Amino acid sequence: MSEKNGLIPHLVVKNGAKAIEFYVAALGAVELARMPTEDGRLMHAALKIGDATLFLCDDFPEYCGGVSRAPAGPSPVTLHWCVPNCDAAIAKAQQAGATVTMPAADMFWGDRYGQIVDPFGHAWSFSHPLTAEQKEAAEKAWAEQNQFGKKAVA
């Protein structure tokens with residue numbers, strides 16, 4: 001299962017079956033494929049989230065030199081999804097079990113943006129574009145509140 005010229009994130013998780021349940025509930029994912037091993041772990045799974053594909057598998061440290069590849073804490077990688085309503089996406093993910101790490105806010109670059117960490121240690125961000133008026137207000141607020149947005153005084 002692959003997409004022509006598509007970039008497909010491939011997550012390693014502990015308890016792939018529960019991860020699929022979470023991604024269905026939190027992100028509206030549709031399960032495309034599931035390939036379990038004899039012990040019930042998932043060797044491979046494919047999900048459709050919006051227009052994108054996401055692969056995942058269970059952690060198999062016994063095939064990785066005894067080292068777990070699933071995040072022990074928040075992942076240093078953030079998966080970003082542009083959605084119609086950032087606040088609604090974050091609320092849905094939180095209701096399904098995600099932890100909100102950055103509540104949605106209007107950002108100076110022109111998006112409403114926020115972040116969560118899913119129950120499997122993977123970081124996600126969500127955004128939707130601001131109107132021109134909202135972007136202008138966000139830029140002004142950022143310039144007033146942030147030392148990097150202030151002009152040097154001679």
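1. Y23 is a useful place to start. Leaving aside its neighbours within four places in sequence, Y23 is in contact with L11, G28, A29, L47, L54, L56, D118, F120, H122 and W124. The model is a predicted one, and the points below should be read as a description of that model.

2. Y23 is buried, and F22 is buried as well. The structure holds nine aromatic pairs. One of them joins F22 and Y23: the ring centres are 5.3 Å apart and the planes make 70°, an edge-to-face arrangement. F22 and Y23 also belong to one aromatic cluster with F120 and W124. Two members of that cluster, F120 and W124, appear among the contacts of Y23 listed above.

3. A further ring pair is made by F60 and Y63. Their centres lie 6.2 Å apart with 45° between the planes, so this pair counts as tilted; edge-to-face would need planes over 60 degrees apart, and stacked would need them under 30. The two residues of the pair should be described separately for burial. F60 has a relative accessible area of 14% and is therefore buried, the cut-off being under 20%. Y63, at 66%, is exposed, since that label applies over 50%.

4. The largest nonpolar core has 27 residues, and the members that touch the most others in it are L11, Y23, L56, W124 and F126. The elements giving two or more residues to this core are the strands β1 (10–13), β3 (42–49), β4 (52–58) and β8 (123–129), together with the helices α1 (16–27) and α2 (86–96). The most is given by α1, which supplies six residues.

5. Which strands make up the open sheet, and in what order? There are four, running β5-β8-β7-β6, with mixed pairing. β5 (78–82) and β6 (99–106) are at the edges; each has a single partner strand, so one side of each is left without a neighbour in the sheet. From one strand to the next, the twist averages 15°.

6. Within this sheet, β5 and β8 pair in the parallel sense over five bridges. For a specific position to check on the model, H80 has S125 in β8 as its bridge partner. The helix α2 packs on the sheet, where it touches β6, β7 (111–117) and β8. The direction of α2 makes about 10° with that of β7.

7. Two elements recur in these points. α2 packs on the sheet and also gives two or more residues to the largest nonpolar core. β8 pairs with β5 and is likewise listed among the elements giving two or more residues to that core.

Key
Residues numbered from 1 in each chain as written. Predicted model: local features only at pLDDT ≥ 70, side-chain atom pairs only at ≥ 80, totals over all residues. Heavy atoms only, no water. Phe/Tyr/Trp six-rings, centres within 6.5 Å; stacked < 30°, edge-to-face > 60°. Buried < 20%, exposed > 50% of the residue type's maximum accessible area, 1.4 Å probe, protein only. Core = buried A, V, L, I, M, F, W, Y, C linked by side-chain atoms within 4.5 Å. Contact = heavy atoms within 4.5 Å. Pairing = 2+ DSSP bridges. Axes fitted to C-alpha atoms, helices over the stretch in contact; angles between N-to-C directions.
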